[in-house]
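Colleague: Hi! Could you walk me through this one?

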Amino acid sequence: EGANKGVAMLQQTLKDCHEQVVFGLATGGTPQTLYRLLSASQLDFSRCIAINLDEYVGLDQENPQSYAYYMNRHLFSKKPFQQTFIPNGMNRNATVETQRYDQILDRYPIDLQILGLGQNGHIGFNEPGTPFESTTHEVQLTESTIAANARFFAQSTDVPRSAYSMGIKSIMAAKQIIIMAYGKAKAAAVKKLVLGPVTTAVPASILQQHPNVTLIVDEAAADQIKKEKVEN
Ligand code: GLP
């Protein structure tokens, strides 16, 4: 039902924007239901631009573990967009690639950004410690993120060690943000996101300072932010 809310919000953004609409999109397990519902919907994305958050360094779009492959599989093959962007993981020149991506972000300001939440509070691939002023950069993935994402690979040693990610400043520049988190593994990060101090140790905590954020959680992820449980 949380994903339905997400669909309704995308629909509203499409309605509100009369010209080109720019969506910032995320990968991972969390948005898969949202993409399934969007794929089955009547919504038309042909006047929309999609800008993805991140990509593994070293994986090309034919690689089933790449985020480019993921996006084609879960959304773009079913819902054509006018144009889609994702960092090029095959460009080993990080300076060139990150500057190229920042120019895309400057050219297409994001109307609605979809985010997942890492167990350690990361957004995109902005790991703890990433400066809030960061733009697109190459990230050395933490051991906990490698372990969390190993389920998508044959073995954990196959998980790339680095990724290109939009920075926190670029994420915060989106006009509206939806962050989704499901399952008990996310409960601690959700608590820090909502109630914790704003600190680079928890990248998602900066969202407290964004004027238009919607958090979509299930019961398990909300476990540590619920008021006292109601007793009958
Ligand atoms: C991954 C991605 C993030 C994602 C997060 C949570 O590492 N880079 O964009 O939001 O971690 O992933 P999941 O939804 O699979 O739990």
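Modeller: Happy to. One term to begin with: a polar contact is a pair of N or O atoms within 3.5 Å. Keep in mind that this is a predicted model.

Colleague: Okay, so how far is the polar side-chain atom of lysine 186 from an oxygen atom of the ligand?

Modeller: That distance is 2.6 Å, between a polar side-chain atom of lysine 186 and a ligand oxygen atom. Arginine 151 also has a polar side-chain atom 2.8 Å from an oxygen atom of the ligand. With glycine 29 the backbone takes part: one of its N or O atoms lies 2.7 Å from a ligand oxygen.

Colleague: And how much of the ligand's accessible area does the protein cover?

Modeller: The protein covers 94% of the 390 Å² that the ligand has on its own. The ligand sits in the largest pocket.

Colleague: Nice. How many residues surround the ligand?

Modeller: There are 13 around the ligand, with Gly29, Thr30, Asn149, Arg151 and Lys186 the closest. By type, the shell has three nonpolar, seven polar and three charged residues.

Colleague: Switching topic: how many salt bridges are there?

Modeller: The count is four. One pairs the side chains of aspartate 111 and lysine 175, at 2.8 Å from N to O.

Colleague: What does that pair tie together?

Modeller: Aspartate 111 is in the loop between α4 and β5, and lysine 175 is in the loop between α6 and β8, so the pair links parts 64 residues apart in sequence.

Definitions and conventions. Residues are numbered from 1 along each chain as its sequence is written. This is a predicted model: local features need pLDDT of at least 70, side-chain atom pairs count only at pLDDT 80 or more; totals for chains, interfaces and linings use all residues. Side-chain values use heavy atoms; hydrogens and water are left out. A residue is near a molecule or strand if one of its heavy atoms lies within 4 Å of it. A polar contact is a pair of N or O atoms within 3.5 Å; within protein, one must be able to donate a hydrogen and the other to accept it, and residues adjacent in sequence count only if both atoms are side-chain atoms. Accessible areas come from the Shrake-Rupley method with a 1.4 Å probe; for residues, only the protein chains shown count as cover. On a 1 Å grid over the protein atoms alone, a cavity is a set of points where a 1.4 Å probe fits but cannot get out, and a pocket is an open set with protein on both sides within 12 Å along at least five of seven lines; lining residues have an atom within 4 Å of a point. A molecule sits in a cavity or pocket if more than half of its atoms lie within 2 Å of its grid points. Ala, Val, Leu, Ile, Met, Phe, Trp, Tyr, Cys and Pro count as nonpolar, Asp, Glu, Lys and Arg as charged, and the others, Gly among them, as polar. Helices (H or I, at least four residues) and strands (E, at least two) are DSSP runs, numbered from the N terminus.
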